[in-house]
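Work through the exercises below with the model open. Each task is followed by a stepwise solution.

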Amino acid sequence: MLLPAQLPVEIVSTVITFLPLQSLHALRRLNHEWRFWFDANQSHIYQHAAFIHGFIPTTETLLEDAVNANKQLLTNAKIDNWRSFCQLRFSLEASWAGLGDISLTTLLMDHSDVHRLKIDEDIGIIITTHRDGGINVRDLGTDEVLWALPRTYVRRYAHCEYEKGFLIWDRDNQKEVWRLASQYEASPAPIDQLQQLVSFTINRYMPTSKGHFKPWAVIETPASGFAFRFVYPTLVVVGMDDAWLYDVLSCELVQVISDIQAVSGGQMLGAIRYVELSAQYVLICGSYQLRIFDRFSGALLHAISSSRVNMMKQGIILHGRQDLRNEGVAAVAPLVGGHAGHSAVDYSEDFAAVHVDTDGKSVVAMLSSSRLLVIRDIEELIQGEKEFEDLAMQVVFSCPEHEAKLRLPYRGVYLAVEHGRVGVITTFGIFILTLDATRHRLVDPDVFVQCDDRLSNLPFPYIQPCRLLPFSDWAPLNATSCLQMTQRKMIFSYSRYYVPRGTEGNARAVGREPEPEIVVGYNDEGEEVSIPTDRIATLIEQPNSVTMSNEDSMRELSSLQGLMNGAARTCYTRLSNEDMTRRRRQVVTD
């Protein structure tokens, strides 16, 4: 065995800079000589490791600049060297991919009828609309109500959009636009008397705080809208046969896309399900087709039929066992994937939702049965550089035990896409897909596809799927009304009656801050759900393993989890589905 002292320093230093963190950890633990050498050259080694893992743009980046650029990801973390920086960044990426721990936390909501929610981690607020009407703005850390609008003003089941300080929701044929008071400037729009009156009344009773909003504009569309989306600074509203694009800063109509229902490929667009915006395109999701329009000219560039997805010959099938919920209290469990060939089954599916990733290239659409259509690069598809079949793949969620047991079909409930990750809620589970697990060197690409060579031919050959445990009950999943993802959190609504008791608590890893949180709820007596656990994982030290301690405690947790599952089934038979979904809690996963 060679020791560092037996080799030229230049050669050792050069070779080390090409190794990922997993290999560096193994080498550092080899013996005392290597450990001392690592400690003496720590800054040089881990600065290059941060670069090859994609955490910094160049090897010339200073530690201070790297920490500032990742401030949102490394909140409340003390970082004074490159090794701790790499450790924290890698642990977060590994947790998203199911290779680490998560934690569950409850946000105390006075209203349990959450319909839509938006989160701003920079300011530290969470915004919710409700099934009974109204809007609440709360402090993300203390859960204190900062600002609110009454249910007599904001309609029931209001959909809301939020980005960069602008809050928008629907009011009949109008869209109300409010702006954070801390960012407020004079609005170019005419004054709306009703907005001003409500704002004056509310601000009399609520002191000025970081979560206060002021009226900005009321945008009235030419006809009723069926879907709208806000991607700063553009608001798009889709009607039956037209789509209107507004600049929210100037409150002006900047583009009209006409005849969106025109027949293409022998089909109409169908009922409007969803609309999405990218820098170049407007994607309108109809029941029959997904259509891509140029947002500047309004031209139809591409149309994808839902029946075409069923005929695709490449993709993966994810096998999610229904009994996974009994294998852990709170965890992200990797799923088994296999190549999916052409299926002769006629699913007769409609498109349900579509999202564009933050890179502006990857597109993910969900069909009504929960199957996903994933397109690697929308620009190559539009420009005709590659065929649709070469750029697209399907992801099929399979759980035969679930369908056989409940005799209920799969259904896609909600979809979110952010930062190369896909969050999916179906009627039998909550899933997270990392589209490219090699992006931050989480897995070895050569080893990843050894189980099935056909995976290497997929547009996303290194997709890493996992499942959020123990959320697996059909009734609350079917009633989920919102899902949002940030770089650190997954947030979704969930019925309080099905909150898995005993799951709340932080999963701590050695040498790093607690992982971001998933919010569950309080029990029916108003008592906090909390059970101590010593489950820990050293992600940098052993990125693919979990170290358990306090075995007696873990056995107690497993027994309690079985009791909770039995209690949930008893509750399900006693109450109707409507009762089950009447009240819901906000759930956050980090």
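**Exercise 1. Give the strand order and the pairing of the open sheet that contains β2.**

Solution. The model is a predicted one.
- Step 1: Trace the strands. The open sheet has 4 of them, in the order β2-β3-β4-β5.
- Step 2: Read the direction. The pairing is antiparallel.
- Step 3: Find the edges. β2 (114-120) and β5 each have a single partner strand, so each has one side without a neighbour in the sheet.
- Step 4: Take the twist. From one strand to the next it averages 15°.
- Step 5: Look at one pair. β2 and β3 (residues 125-130) run antiparallel and are joined by 6 bridges. For register, T129 in β3 stands opposite R116.

**Exercise 2. Which strands stand at the edges of the sheet that includes β14?**

Solution.
- Step 1: Set out the order. This open sheet of 4 strands runs β14-β15-β16-β17, with antiparallel pairing.
- Step 2: Count partners. β14 (272-277) and β17 (300-305) each have a single partner strand; they are the edges, so one side of each lacks a neighbour in the sheet.
- Step 3: Add the twist, which averages 15° from one strand to the next.
- Step 4: Go inside the sheet. β15 (residues 281-286) and β16 (residues 289-294) run antiparallel, joined by 5 bridges. Here L283 has I292 in β16 as its bridge partner.

**Exercise 3. Which residues of α7 are buried, and which are exposed?**

Solution.
- Step 1: Check the helix geometry. α7 (residues 193-205) has 13 residues. From first C-alpha to last, α7 reaches 19 Å, close to the 18 Å expected at 1.5 Å a residue.
- Step 2: List the buried positions. In α7 they include Q195, V198, S199 and I202. These lie on the same side of α7, because they cover an arc of only 100° around the axis.
- Step 3: Turn to the other side of α7. Q193, L197, F200 and R204 are exposed there.
- Step 4: Find the cover. The buried residues of α7 are covered by elements including β5 (145-149), β8 (174-180) and β9 (213-220).
- Step 5: Link back to Exercise 1. β5, part of this cover, is also an edge strand of the β2-β3-β4-β5 sheet.

**Exercise 4. Is R28 buried or exposed?**

Solution.
- Step 1: Place R28. It sits in helix α2 (residues 21-28).
- Step 2: Apply the cut-off. Buried means under 20% relative accessible area. R28 has 9%, so R28 is buried.
- Step 3: List the contacts, leaving aside neighbours within four places in sequence. R28 is in contact with W34, R35, F38, D39, Y46 and R83.

How values were computed:
Residues are numbered from 1 along each chain as its sequence is written. This is a predicted model: local features need pLDDT of at least 70, side-chain atom pairs count only at pLDDT 80 or more; totals for chains, interfaces and linings use all residues. Side-chain values use heavy atoms; hydrogens and water are left out. Helices (H or I, at least four residues) and strands (E, at least two) are DSSP runs, numbered from the N terminus. Buried means under 20% relative accessible area, exposed over 50%, partly exposed in between (1.4 Å probe, protein chains only). Contact means heavy atoms within 4.5 Å. The expected span of a helix is 1.5 Å times one less than its number of residues. The arc is that of the directions from the helix axis to the C-beta atoms. Two strands pair if DSSP finds at least two bridges between them. Axes are lines fitted to C-alpha atoms, for helices over the stretch in contact, and angles run from 0 to 180 degrees between N-to-C directions.
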